Amino acid sequence: MPIFAANLTMMFNEWSFLDRFDAAADAGFQAVEYLFPYDHPPDAVAARLQRNGLTQALFNMPPGDWAAGERGLAALPERFAEVQAGVETALRYAEATGCRRLHLMAGLADPADPVAQASYRRAVIHAADALAERGLDLLLEPINGRDMPGYFLNDFAATERLIADLDRPNVKLQFDLYHRQILHGDCTMALRRLLPITGHIQIASVPSRHEPAGEELNYPFLFEELDRLGYAGFVGCEYRPRAGTLAGLGWFTPQRSSGAGE
């Protein structure tokens, strides 16, 4: 079975952020991810990981002013200096936490705009080269427009082409099955084809973005498919619990009892 990473931005919200690490470990998770750690010092985050024996699977680089609606800066040409600064900030957290992969958010821009395209490419190259010096992977994630209207990177094929064109071994796809199903469907065949360039996988039910049980996607089958394909990375649980995190972990019980990730 895959190694599941609890998403501490969406899960375990019954606890304060740093206490979510303890709660996730108590629930049986061996790894965690989240959107952003930047409200807390790197050493404080690292201490929670260490004391709970957790692996930091993933987090995002600074996205700009999230509270004001910004969703990344990479496709915004006037914000390149902030992208550069954000890369350095993220690398400090990666060093402290031992995280091996970082996600660069594209931002809100027209994907057909050549200026935005050039800006995004420039930012990706800069981030990829900076991460490569530390032996880290840069992840690019297509996000559906229903959840994030106007997001620049909203197509798996375009992301695949960019990764191939850049030809940098540390630039990989962040394959969110929830976004894939909404954008294109055909999740299993896409996994089979794109797994060689995939650096991280995320899950949630479709259409509600709750626990990965029921609704459109057959997650037990998809978990078995990941095993058949030999996927050895993390599966991030980026979902919103329906009625409390612990009450919704019934889907996780068989994964935990199977020794997933051990």
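**A tour from N52 to the core and on to H179**

Begin by selecting N52, which is partly exposed, with a relative accessible area of 22%; the model on screen is a predicted one. N52 belongs to helix α2, which covers residues 42–52. Show its surroundings next: with residues up to four places away in sequence not counted, N52 touches F21, D22 and A25. Between the side chains of N52 and D22 there is a polar contact of 2.7 Å. For a longer view, add F252, which is 200 residues from N52 in sequence and 19 Å from it in space, C-alpha to C-alpha.

Now turn to the interior by selecting F12, F21, F29, Y120 and L138, the residues that touch the most other members of the largest nonpolar core, a set of 82 residues. Helix α4 (residues 114–132) contributes the most to this core, supplying eight residues. Apart from this core lies another, of six residues, and A5, L58, L139 and F234 are among them.

Stay with L138 and display its contacts: neighbours within four places in sequence left aside, L138 meets M61, L102, L104, V124, A127, A128, L131, N170, V171 and K172.

Finally, select H179, which sits in helix α6, residues 177–183. Is H179 buried or exposed? Its relative accessibility is 3%, so H179 counts as buried, being under the 20% cut-off. Beyond the neighbours within four places in sequence, H179 is in contact with E141, P142, I143, N144, F156 and R209. As a last selection, R71 is 108 residues away from H179 in sequence, and the two lie 16 Å apart in space, C-alpha to C-alpha.

Definitions and conventions
Residues are numbered from 1 along each chain as its sequence is written. This is a predicted model: local features need pLDDT of at least 70, side-chain atom pairs count only at pLDDT 80 or more; totals for chains, interfaces and linings use all residues. Side-chain values use heavy atoms; hydrogens and water are left out. Helices (H or I, at least four residues) and strands (E, at least two) are DSSP runs, numbered from the N terminus. Buried means under 20% relative accessible area, exposed over 50%, partly exposed in between (1.4 Å probe, protein chains only). Contact means heavy atoms within 4.5 Å. A nonpolar core is a set of buried Ala, Val, Leu, Ile, Met, Phe, Trp, Tyr and Cys residues joined through side-chain atoms within 4.5 Å. A polar contact is a pair of N or O atoms within 3.5 Å; within protein, one must be able to donate a hydrogen and the other to accept it, and residues adjacent in sequence count only if both atoms are side-chain atoms.
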